[in-house]
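Please walk through this model from its overall fold down to single side chains, keeping the structure in view while reading.

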Amino acid sequence: MGDLIHTSKIRIHQDQPPERRAYIEGFEEPLEFGVHGGIKHFYGMEPRRDLPATLDHMVAAVGG
């Protein structure tokens, strides 16, 4: 078995749904999550403001 090189420590704060903030240890500013575009239409909601969805962050991370 390999050596452990990193453990992510993240705290999620639920704001007004569907808005959330993820606080990652070692970074001052949180990542903001929500819904936008086709996602909000699929779920039939009109959020207070459009924000990147969880999927957007995942795609950006793997595509980087």
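In this predicted model, the protein chain has two helices and three strands, and their order from the N terminus on is β-β-β-α-α. The C-alpha trace of the protein chain spans about 45 × 25 × 20 Å along its principal axes. The radius of gyration of the protein chain is 14 Å, whereas a compact globule of 64 residues would have one near 11 Å. Of these 64 residues, 17% count as buried, and the accessible surface of the protein chain comes to about 5300 Å², with 59% of that area belonging to carbon and sulfur atoms. As for contacts in the protein chain with a separation of 6 or more, 15% of them are accounted for by residues 24 or more positions apart.

The strands offer a place to begin with individual residues. Glu19 is found in the loop between strand S1, which covers residues 10-14, and strand S2, which covers residues 20-24. Is this loop residue buried or exposed? Glu19 counts as buried because its relative accessible area is 3%, which is under the 20% that serves as the limit for burial. Leaving out residues up to four places away in sequence, Glu19 touches His13, Gln14, Phe33, Arg48, Arg49 and Leu51. One of these residues, Arg49, is also joined to Glu19 through a polar contact of 3.4 Å between the two side chains.

A second loop residue, Pro30, lies between S2 and strand S3, the latter formed by residues 31-33. With a relative accessibility of 25%, Pro30 counts as partly exposed, because that class takes in the values between the 20% limit for buried residues and the 50% limit for exposed ones. When residues up to four places away in sequence are not counted, Pro30 touches Arg21, Ala22 and Tyr23. Pro30 and Glu19 are 11 residues apart along the chain, and their C-alpha atoms are separated by 12 Å. Tyr23, which Pro30 touches, has a further partner in Arg11, whose charged end sits over the ring of Tyr23 at 4.7 Å from the ring centre.

Helix H1 comes next, made up of residues 37-43 and containing Lys40. Although its side chain is that of a lysine, Lys40 counts as buried, with 9% relative accessibility. Which residues surround Lys40 once its neighbours within four places in sequence are left aside? They are Val35, Met45, Glu46, Pro47 and Asp50, each of them in contact with Lys40. With Glu46, the side chain of Lys40 also forms a polar contact of 3.3 Å, made to the side chain of that glutamate.

Aromatic rings remain to be considered. A pair of aromatic rings is described by the distance of the centres and the angle of the planes. By the rule applied here, the count comes to one aromatic pair. That pair consists of Phe42 and Tyr43, whose ring centres are 5.0 Å apart and whose planes stand at 85°, so the arrangement is edge-to-face; the reason is that plane angles over 60 degrees are assigned to this class. Are the two partners buried or exposed? Phe42 is exposed, with a relative accessible area of 65%, and Tyr43 likewise counts as exposed at 56% relative accessibility.

Technical notes
Residues numbered from 1 in each chain as written. Predicted model: local features only at pLDDT ≥ 70, side-chain atom pairs only at ≥ 80, totals over all residues. Heavy atoms only, no water. Helix = DSSP H or I, 4+ residues; strand = E, 2+ residues; numbered from the N terminus. Buried < 20%, exposed > 50% of the residue type's maximum accessible area, 1.4 Å probe, protein only. Polar contact = N/O pair within 3.5 Å; in protein donor to acceptor, adjacent residues only side chain to side chain. Contact = heavy atoms within 4.5 Å. Phe/Tyr/Trp six-rings, centres within 6.5 Å; stacked < 30°, edge-to-face > 60°. Lys NZ or Arg CZ within 6 Å of the ring centre and 35° of its normal. Rg over C-alpha atoms; globule rule 2.2 N^0.38 Å. Areas by Shrake-Rupley, 256 points an atom, 1.4 Å probe, with all protein chains shown as cover.
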